[in-house]
Structure formats: structure tokens, C-alpha cells
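Colleague: Thanks for sharing this one with me. Could you take me through it, one question at a time?

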Amino acid sequence: GMLAAEEGTAEAAALAAATAAAAASNKQQQGAAGAAANGLLQTDQLAVGNKVEGYVRSVSGKGLFVVLDRRRDGRVKLSQLSDGFVEDPAAAFPVGSLVQGRITSVEHTKPPPAAAAAAAAAGFDDGLRVELSLRSGEGPGQLRSINDIREGELTS
């Protein structure tokens, strides 16, 4: 009986260590993604081409919204969900799942007066609308920079 109790304690200690390691790894990844200490992305991090990650907030027939930070979502159009065809976006990208994408556009928008008043009351409105792509950038129709081309690669 005593040996089983000791094994249980060792398992619990191993589980606690694994959980702590996963949390530390997660913190490092978040740090690498560049989130500020207050959980908000800085405006300069919202540049076209930057890689970001977030959790799926909602899915519709037009695409999905991804939570980028406490105050901002990014929109992913249906055509930008994947390199291939996605038959059922809600099944492929369940609400709450973590996704990684690339910023494809950042627009400064002027919100309607009611929304502007609500944002002002909340103390936040940078007027940015962020569009994302979850595509790899390797498929047809993807814009690539000269830095993406490797020596020996055939291009057209």
C-alpha cells in the first residue's frame, strides 16, 4: 500500500512539473508573439505580413473572427482559411481553438457615432480593422516577397 502511495505522489509531481513546463513554454511563445504586459498588441505589431495568433471567437458562412488581444479581433475571410477548400469552417475551426495567421491588411476605419461614443467611454478606439490569412503563403495566388524565394527554386 505504501509503495502505491509513493508512486501516486511521484505521478502527481511529474504532472505538476509537466504543467509548469507547458505554462513556461506558453509564456515564452506569447512573449515571442510580442504581446505587451497588459495583454494588448501594440499598434506597430499590427503590420501587414506580421504573424499573429489568437483564439477563434466566432465562425460564420463568410469566415471567422479571431481574438488577437483583449480589445481587438481579426477577421479571416473564407478564402483565407486554408490553402485548400474548407467544406465546414465551424468543424475545421471550432470556437476557442488557437490559430496562427498572417496580417493581410490593417485599415483605419471611422466608426459610426454610437460605436465611437461607446469606444470613447471604454477609453479605447484606435479605429483599426485587421484582416488575417491562415494560408501558408505557399499556394497559388499568394503574394511573396523576394525574401521568400530560395536559391534553386523555380519561379514564374
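Modeller: Gladly; here are some questions and answers on the fold, the core and the charged pairs. This is a predicted model, in which local features need pLDDT of at least 70 and side-chain atom pairs count only at pLDDT 80 or more, while totals for chains, interfaces and linings use all residues. Residues are numbered from 1 along each chain as its sequence is written, and side-chain values use heavy atoms, with hydrogens and water left out.

Colleague: In which pattern do the helices and strands follow along the sequence?

Modeller: Helices (H or I, at least four residues) and strands (E, at least two) are DSSP runs, numbered from the N terminus. The protein chain has three helices and five strands. Read in sequence order, the pattern is α-β-β-β-α-β-α-β.

Colleague: What percentage of the 156 residues is buried?

Modeller: Let me fix the term: buried means under 20% relative accessible area, exposed over 50%, and partly exposed in between, with a 1.4 Å probe and protein chains only. Of the 156 residues in the protein chain, the buried share is 23%.

Colleague: Which residues have the most contacts inside the largest nonpolar core?

Modeller: A nonpolar core is a set of buried Ala, Val, Leu, Ile, Met, Phe, Trp, Tyr and Cys residues joined through side-chain atoms within 4.5 Å. The largest one has 17 residues. Strands E1 (51-60), E2 (63-69), E4 (98-108) and E5 (128-133) are the elements that give two or more residues to this core. Those with the most contacts inside the core are Leu 64, Val 66, Leu 68, Val 76, Leu 81, Phe 93 and Leu 132.

Colleague: Which residues is Val 66 in contact with, leaving aside neighbours within four places in sequence?

Modeller: Contact here means heavy atoms within 4.5 Å. With those neighbours set aside, Val 66 touches Gly 54, Tyr 55, Val 56, Arg 57, Arg 72, Asp 73, Gly 74, Val 76, Val 99 and Leu 132.

Colleague: Two of those names carry charge, I think. How far apart in sequence are the parts that Asp 73 and Arg 57 tie together?

Modeller: The side chains of Asp 73 and Arg 57 meet in a salt bridge (2.6 Å, N to O), the term meaning a side-chain nitrogen of Lys or Arg within 4 Å of a carboxyl oxygen of Asp or Glu. Asp 73 counts as partly exposed at 25% relative accessibility, and Arg 57 does at 44%. Since Asp 73 lies in strand E3 (residues 72-77) and Arg 57 in strand E1, the parts that the pair ties together are apart in sequence by 16 residues.

Colleague: Is Arg 135 buried or exposed?

Modeller: Arg 135 forms a salt bridge with Asp 83, their closest N and O atoms being 3.9 Å apart. Asp 83 lies in the loop between E3 and helix H2 (89-92) and Arg 135 in the segment after E5, so the pair ties together parts 52 residues apart in sequence. Asp 83 is partly exposed, with a relative accessible area of 41%. Arg 135, at 16% relative accessibility, counts as buried.

Colleague: Which strands do Arg 129 and Glu 107 lie in?

Modeller: The side chains of Arg 129 and Glu 107 also meet in a salt bridge (3.2 Å, N to O). This pair ties together parts 22 residues apart in sequence, because Arg 129 lies in strand E5 and Glu 107 in strand E4.

Colleague: And finally, how many salt bridges does the structure hold?

Modeller: The pairs we discussed include Asp 73 with Arg 57 and Arg 129 with Glu 107. In total, the number of salt bridges in the structure is five.
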